[in-house]
Amino acid sequence: SQQYTDSEQGGTSGEHPRERGATVPLLASKFATPTPTGEALDEELATTINYLASHQLKDQVMEETTGHYSTPVNCASLSVPAVNHAIWGHIGAGVRAQEVKLQHFFKILASGITAFARSVNGGLLTETHQDAVGLLCNAYFEINCVKTQCCRHSIRNLLCCARPATSSWLIIYLGQTCRS
């Protein structure tokens with residue numbers, strides 16, 4: 001089925017209408033893109049997902065929860081990628097702030113993937129479990145691609161403005177800076 005709302009949940013004042021699941025006005029419906037919907041979930045689960053997807057959890061709760069799901073020793077690809085320390089001091093404050101945020105996203109997503117993987121029997125994954133693992137891991141991969149592009153762009157800018165000796169030094173570390 002097709003519908004023109006993003007959710008069935010009401011919102012609070014100050015939210016963007018799209019975040020509240022507002023119906024598209026009749027005149028605007030010509031330009032609206034219908035959102036495909038699937039089968040309904042269990043009502044309590046759906047309410048929980050809608051709430052959690054629209055409210056930020058407190059940092060303490062996130063730290064405690066992610067702490068339970070460290071990267072498994074045999075899943076090195078879920079290790080949170082970081083900028084090489086030798087380069088960290090040479091990139092701008094804005095890029096460093098973005099890096100810290102991306103590392104935070106990676107940690108949460110890697111912990112979520114690990115939590116899901118630990119909740120299922122690896123040998124008995126249903127098609128839905130396989131899809132969930134694939135989608136979650138692809139989200140991790142996509143965020144890493146954005147991080148890599150951002151990092152390369154800032155390093156490229158740094159190289160263009162650097163003295164020749166500094167440029168050579170940075171080129172040595174460029175390959176270690178961004179995981180692809």
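1. A residue counts as buried here when its relative accessible area is under 20%. By that rule, 19% of the 180 residues of the protein chain are buried. The model is a predicted one, and the points below should be read with that in mind.

2. Overall make-up. The protein chain has six helices and two strands. Read from the N terminus, the order of elements is β-β-α-α-α-α-α-α, with the strands ahead of the helices. About 12800 Å² of the protein chain is exposed, and 58% of that area comes from carbon and sulfur atoms. When contacts between residues at least 6 apart in sequence are taken, 70% of them join residues at least 24 apart.

3. Helix α4. This helix covers residues 93–119, which makes 27 residues. Is its length in agreement with what 1.5 Å a residue should give? What span should be expected at 1.5 Å a residue, and how far apart are the end C-alpha atoms? The expected span is 39 Å and the end C-alpha atoms are 39 Å apart, so the two agree. The buried residues of α4 are E99, L102, F106, L109, A110, S111, I113 and T114. As background, an α-helix has 3.6 residues a turn, so residues three or four places apart point the same way.

4. T66, in helix α2. Helix α2 spans residues 59–67 and includes T66. Is T66 buried or exposed? T66 has a relative accessible area of 7%, and because the cut-off for buried is under 20%, T66 is classed as buried. The side chain of T66 comes to 3.4 Å from the backbone oxygen of E63. Beyond its neighbours within four places in sequence, T66 is in contact with K107, I108 and S111. One of these partners, S111, is itself among the buried residues of α4.

5. V61 and the surface patch. V61 also belongs to helix α2. With a relative accessible area of 36%, V61 is partly exposed. V61 joins Y51, L52 and L57 in a nonpolar patch on the surface, and together these residues have about 350 Å² of accessible area.

6. R118, in helix α4. R118 is a residue of α4. Its relative accessible area is 54%, so R118 is exposed. Which residues does R118 contact, leaving aside its neighbours within four places in sequence? They are Y69, S70 and P72. R118 and P72 are 46 residues apart along the chain, and their C-alpha atoms are separated by 9.9 Å.

Terms used
Residues are numbered from 1 along each chain as its sequence is written. This is a predicted model: local features need pLDDT of at least 70, side-chain atom pairs count only at pLDDT 80 or more; totals for chains, interfaces and linings use all residues. Side-chain values use heavy atoms; hydrogens and water are left out. Helices (H or I, at least four residues) and strands (E, at least two) are DSSP runs, numbered from the N terminus. Buried means under 20% relative accessible area, exposed over 50%, partly exposed in between (1.4 Å probe, protein chains only). A polar contact is a pair of N or O atoms within 3.5 Å; within protein, one must be able to donate a hydrogen and the other to accept it, and residues adjacent in sequence count only if both atoms are side-chain atoms. Contact means heavy atoms within 4.5 Å. The expected span of a helix is 1.5 Å times one less than its number of residues. Patches are made of residues with over 30% relative accessible area and no salt bridge: like charges are joined within 9 Å, nonpolar side chains (Val, Leu, Ile, Met, Phe, Trp, Tyr) within 5 Å. Accessible areas come from the Shrake-Rupley method with a 1.4 Å probe; for residues, only the protein chains shown count as cover. A salt bridge is a side-chain nitrogen of Lys or Arg within 4 Å of a carboxyl oxygen of Asp or Glu.
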